[in-house]
Amino acid sequence: MGQKTPQAWIERWKCVVFFVASGIFCSEAAAQIKYSISEEIEEGSVVGNIATDLGIDKIALKDRDYRIVGSSTEPLFHLNQDDGMLYVAKKVDREEICERSNACIINLKTVLENPLEIHYVAIEVLDINDHSPSFPEKEKRLEIFESALPGARFQLQPARDPDGSQFSVKQYKLSHNDHFRLEVKDRGEDRKMPFLVLHKQLDRESMKEHKLLLTATDGGRPARSGTTEIVIEVLDVNDNSPVFTQDAYSAILNENADIGTLVIQVNATDLDEGSNSEVVYLFGKEVDAILQKLFSIDSKTGEIKVIGEIDYEENESYEIDVQASDKGGVPLSSDKTVIIKIVDQNDNVPKIEVTSFSKSVPEDCKTGTTVALISVNDLDSGPNGKVSISIREDVPFVISPSLQDNMYAIVTRSLLDREKKSFYEITVLAKDSGVPPLVSEKIITVTVSDVNDNRPHFSVSPYTFYVAENNDLATPLFSIKASDPDENDNARISYNIARDGSDGNGGLFFSINSETGDIVALKSFDFETLKTFQFQVVATDSGTPSLSSNVTVNVFILDQNDNAPVILYPVSSNGSAEGVEEIPRNVNAGHLVTKVRAYDADIGYNGWLLFSLQEVTDHSLFGLDRYTGQIRTLRSFTETDEAEHKLVILVKDNGNVSLSATATVIVKLVEPKEAFAASDVKSAARDDEDNNVTLYLMITLGSVSVLFLVSIIVLIAMQCSKSTDYTSKYLQETNYDGTLCHSIQYRSGDKRYMLVGPRMSIGSTIVPGSHANTLVLPDRGGACMEHSVQIEINGAC
């Protein structure tokens with residue numbers, strides 16, 4: 001089981017930093033807790049409950065994706081998201097993790113999402129005495145001349161114990177003997193170097209070989225120990241050892257020095273002569289193999305040179321034992337330690353690590369929202385390891401430092417708008433303070449997610465459409481379109497017609513396709529009954545909550561030639577268009593026999609009536625005015641002229657496909673006296689008949705006039721509401737003395753339109769595509785609300 005310290009300590013910190021100038025608000029929370037465990041603890045052992053110790057709600061651990069981050073190797077610990085317990089994932093070997101370190105602390109970073117929180121967990125691995133001291137060799141052989149004087153020192157290979165300082169080698173013990181004693185030199189960092197000291201001169205003749213047992217004991221309780229046997233062979237006679245010219249050797253070497261760089265040169269002399277004075281240099285036998293891969297020594301000159309890669313981050317200094325030995329039959333040697341100090345170079349680029357990252361940020365997020373957490377590390381030291389961090393682009397994001405060293409948060413510094421920019425590539429630059437400085441960069445991609453903050457927009461407002469009467473119910477008459485700069489559902493628009501009655505009942509006549517905006521009519525329109533109306537179309541997006549906007553649709557019905565002329569006079573008692581006229585024989589040429597009256601409910605060319613004689617008994621007697629319908633005599637009657645004449649009058653409109661009606665007039669010639677008597681009777685009857693027809697005609701004309709007046713007033717109001725000079729003006733037709741006429745003139749935009757009756761004004765022109773009943777007039781600059789109506793029926797009103 002893992003063991004906690006008597007009181008697990010927790011540091012909690014929260015910072016609120018206000019940047020008044022830029023309006024940035026940052027909030028970040030973190031905590032740190034420390035546990036202690038023993039090495040070699042079993043897999044699955046509990047280290048501690050992080051959720052409980054940090055006061056985190058256990059229920060939200062999985063929802064907030066509580067996890068350990070930043071571990072690139074196989075993790076030593078496992079975090080259970082269900083209960084917040086931290087377990088040992090694999091066997092923890094302190095000597096493997098923290099070789100030769102006094103304190104072994106494993107730092108873990110844990111992260112909670114939504115909102116982002118980072119917590120630090122420090123786990124101290126406590127050393128146990130699980131290793132015994134061991135010597136490189138089970139048997140160490142020394143050759144010592146018998147001439148060696150008491151006090152001569154011989155360096156022995158020290159024992160190694162991979163455990164921590166308290167369990168490292170603490171003492172050496174030499175087995176009892178008469179000639180040697182043990183001396184231990186403390187090299188620091190828990191390194192003790194044993195030396196064999198001769199305290200009684202050897203006598204080869206008495207004993208050629210001595211065997212000693214060297215025991216190394218560590219500081220554990222109970223203590224562990226290791227032994228090596230020292231075999232000393234007593235040699236004869238080379239009595240002068242080489243002597244180094246300096247008491248101490250030290251050198252300074254730059255990191256990443258080139259191969260072959262001279263570090264230092266050692267020098268030793270020997271007072272002997274011949275081969276006994278020739279000195280050979282070599283590394284001491286206790287020099288690590290790693291050092292021998294970094295440095296070499298010239299056996300003749302004593303020059304120490306670089307042969308490997310020197311890295312300050314791996315080791316700041318080196319201690320190398322150098323041995324100088326002569327070439328005597330029994331060589332003598334002496335040792336010296338060379339200290340090499342490494343000078344740091346700016347050779348490590350700052351490393352940027354993204355600890356936590358939000359791939360998308362809503363466009364309505366507040367200023368100061370955290371987008372990502374990053375950490376920056378530089379393995380160099382001093383100024384070379386001091387890193388500054390910045391963002392290259394001009395983006396609405398800023399880097400905010402945290403209380404934890406080398407930890408930063410990327411937060412928003414202003415409001416976002418997806419419709420202006422939906423995607424950002426943030427280049428984070430990390431630059432150290434070395435000379436020259438080294439720079440690294442990390443690109444972080446941030447997507448701005450859409451929020452429904454735009455209403456549908458109509459490109460035209462209001463809409464104005466012209467629809468011919470008798471329209472087809474199956475074909476869309478027109479289409480309404482709106483756009484929304486949002487995306488996906490927030491931009492998916494549906495259309496409907498407002499039926500709240502605020503703009504009349506115009507919306508009841510139409511149906512709209514909710515997806516396309518195409519509008520079809522629910523009824524076939526009749527210009528003579530309905531001329532103009534308006535309704536509202538509402539466009540609504542599919543966002544949550546949805547947004548909508550509306551637009552006014554003005555519809556004008558265009559007249560078609562769908563009404564045939566109606567004969568008002570003559571009309572017989574049975575309803576047919578027949579009449580009898582009696583005139584005296586003695587009338588002169590040009591005498592008005594009668595006048596055919598007709599009416600067409602259409603307007604413009606469709607309502608412009610023309611009269612012609614379709615059938616007549618004598619073309620020389622009677623003439624017909626094609627515009628007024630008046631029948632007059634062309635000459636005086638003679639005795640040979642027949643007493644009765646039949647005239648068939650054709651009345652037709654001026655539509656593209658003209659419609660017509662016929663009237664029959666029987667003209668009887670009578671003697672003057674009979675004519676006067678009949679004239680009195682007919683005059684009385686005709687007065688009664690004319691009075692009735694006049695009354696009906698006035699009612700009809702009054703109804704049509706009121707309907708036209710209301711339509712024009714509505715049109716003027718709608719056009720003037722657009723702040724544009726729209727003019728509606730009825731034009732009088734003073735030159736027309738025939739059938740019932742309608743003349744309407746109005747303006748839309750930069751064009752003026754005229755709907756005319758039987759006779760047009762001088763200077764009018766037909767607009768192409770106007771169904772032959774709409775005219776464009778030159779602009780006379782009339783006032784917006786000026787209008788007039790004139791309806792004339794000659795002979796009938």
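Of the contacts in the protein with a separation of 6 or more, 66% are between residues 24 or more positions apart, a contact meaning heavy atoms within 4.5 Å. The model is a predicted one, in which local features need pLDDT of at least 70 and side-chain atom pairs count only at pLDDT 80 or more, whereas totals for chains, interfaces and linings use all residues. Residues are numbered from 1 along each chain as its sequence is written, and side-chain values use heavy atoms, with hydrogens and water left out. The protein has four helices and 56 strands; these are DSSP runs numbered from the N terminus, with at least four residues of H or I for a helix and at least two of E for a strand. Of its 797 residues, 45% count as buried, that is, under 20% relative accessible area with a 1.4 Å probe and protein chains only, while exposed means over 50% and partly exposed lies in between.

One open sheet makes a good place to look next. Its four strands follow the order β9-β15-β14-β11, with mixed pairing; two strands pair if DSSP finds at least two bridges between them. Because β9 (139-145) and β11 (169-174) stand at the edges with a single partner strand each, one side of each is left without a neighbour in the sheet. On average, neighbouring strands here are turned by 25 degrees against each other, direction ignored, with axes fitted as lines to C-alpha atoms and angles running from 0 to 180 degrees between N-to-C directions. Strands β14 (residues 209-218) and β15 (residues 225-235) pair in the antiparallel sense over nine bridges, and Thr215 has Thr227 in β15 as its bridge partner.

The edge strand β9 also takes part in the second largest pocket, giving the most to its lining with six residues. In all, 35 residues line this pocket, and Arg153, Phe154, Ser333, Ser334 and Asp335 lie nearest its centre. Elements giving two or more residues to the lining are β9, β10 (153-155), β12 (180-188), β23 (317-326) and β24 (333-343). A pocket is an open set of points on a 1 Å grid over the protein atoms alone, where a 1.4 Å probe fits, with protein on both sides within 12 Å along at least five of seven lines; lining residues have an atom within 4 Å of a point.

Pro158 is found in the loop between β10 and β11 and, at 4% relative accessibility, counts as buried. Among the residues touched by Pro158 are Phe135, Tyr172, Met193 and Glu286. The C-alpha atoms of Pro158 and Phe195, 37 residues apart along the chain, are separated by 9.1 Å.

Technical notes: Lists of a residue's contacts leave out its neighbours within four places in sequence.
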